[in-house]
Amino acid sequence: MHGELQVLGRAVKQAQYRQHRALDTALTAVGTTLAQWDALRAIDRSPGASARTLAAATFQSEQAFGTLAGRLSTQGLIERRPGHGRRIEHHLTPAGEQVLAAGHRIADEVLADCFAPLPPEDRAALLDLLQRLAGEAESRT
């Protein structure tokens with residue numbers, strides 16, 4: 001058997017994959033995908049942000065985020081406005097705000113189901129552990 005750390009890494013990936021599949025499937029009910037909804041969340045958290053900032057926030061390349069933002073703009077969910085220099089700023093439209101809110105309701109249901117096997121104290125401990133890992137990884141970069 002391979003190392004315990006490999007088993008741990010795979011278990012984290014399996015949980016993430018299951019969660020992402022469930023979210024992506026459920027979000028189709030409001031006409032969006034997980035990637036699109038995640039972009040809307042990032043824009044909502046940082047109105048006026050550049051594609052570079054939003055790409056980093058959504059774990060995408062700038063090029064991939066630009067393509068996604070173009071689709072969201074065509075769907076009327078975001079506006080892309082000229083900013084300082086060559087920078088393009090991103091803002092939610094009222095339709096984007098509606099899809100975002102509907103996505104939040106769906107995500108709450110899906111995630112409640114995904115984490116249902118864990119009692120609240122285990123969920124809190126898992127969150128703490130993952131935040132520590134993320135903080136440690138960020139301090140190395």
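**Figure 1. The largest pocket of the predicted model has a volume of about 1,700 Å³.** The structure shown here and in the following views is a predicted model. The elements that each contribute two or more residues to the lining of this pocket are α1 (4–27), α2 (34–45), α5 (94–114) and α6 (120–140). Of these, α6 supplies the largest share, with 12 residues.

**Figure 2. Close-up of the residues that line the largest pocket.** The lining consists of 40 residues. Those that lie nearest the centre of the pocket are Q16, Q19, H20, F115 and L130. When the lining is sorted by class, 23 residues are nonpolar, 10 are charged and 7 are polar.

**Figure 3. The strands β1 and β2 form an antiparallel pair.** Strand β1 covers residues 78–82, and strand β2 covers residues 88–92. The two strands are joined by 5 bridges. One bridge partnership to locate in this view is that of E79 with H91 in β2. As a general point, the side chains of a regular strand alternate between the two faces of the sheet.

**Figure 4. The turn region of the hairpin of β1 and β2.** Between the strands of this hairpin there are 5 residues. Among them is G85, which takes a positive phi near 65°.

**Figure 5. Helix α5 and the expected length of its span.** Helix α5 has 21 residues, and at 1.5 Å a residue it should therefore span 30 Å. The C-alpha atoms at its ends are 30 Å apart in the model, which agrees with this expectation.

**Figure 6. The buried residues of α5 and the elements that cover them.** Which residues of α5 are buried? They are G96, V99, L100, A102, G103, I106, A107, V110 and C114. The covering of these buried residues includes two helices, α1 and α2, and the strand β2. Helix α5 is also one of the elements that give two or more residues to the lining of the largest pocket.

**Figure 7. The whole protein, with 6 helices and 2 strands.** Along the sequence, these elements follow the pattern α-α-α-α-β-β-α-α. The C-alpha atoms fill a box of roughly 55 × 35 × 25 Å, taken along the principal axes. Of the 141 residues in the protein, 26% are buried. Among contacts with a separation of 6 or more, 51% are between residues 24 or more positions apart.

Methods: Residues are numbered from 1 along each chain as its sequence is written. This is a predicted model: local features need pLDDT of at least 70, side-chain atom pairs count only at pLDDT 80 or more; totals for chains, interfaces and linings use all residues. Side-chain values use heavy atoms; hydrogens and water are left out. On a 1 Å grid over the protein atoms alone, a cavity is a set of points where a 1.4 Å probe fits but cannot get out, and a pocket is an open set with protein on both sides within 12 Å along at least five of seven lines; lining residues have an atom within 4 Å of a point. Grid points are joined across faces, edges and corners, and a volume is the space filled by probe spheres set on the points. Helices (H or I, at least four residues) and strands (E, at least two) are DSSP runs, numbered from the N terminus. Ala, Val, Leu, Ile, Met, Phe, Trp, Tyr, Cys and Pro count as nonpolar, Asp, Glu, Lys and Arg as charged, and the others, Gly among them, as polar. Two strands pair if DSSP finds at least two bridges between them. The expected span of a helix is 1.5 Å times one less than its number of residues. Buried means under 20% relative accessible area, exposed over 50%, partly exposed in between (1.4 Å probe, protein chains only). Contact means heavy atoms within 4.5 Å.
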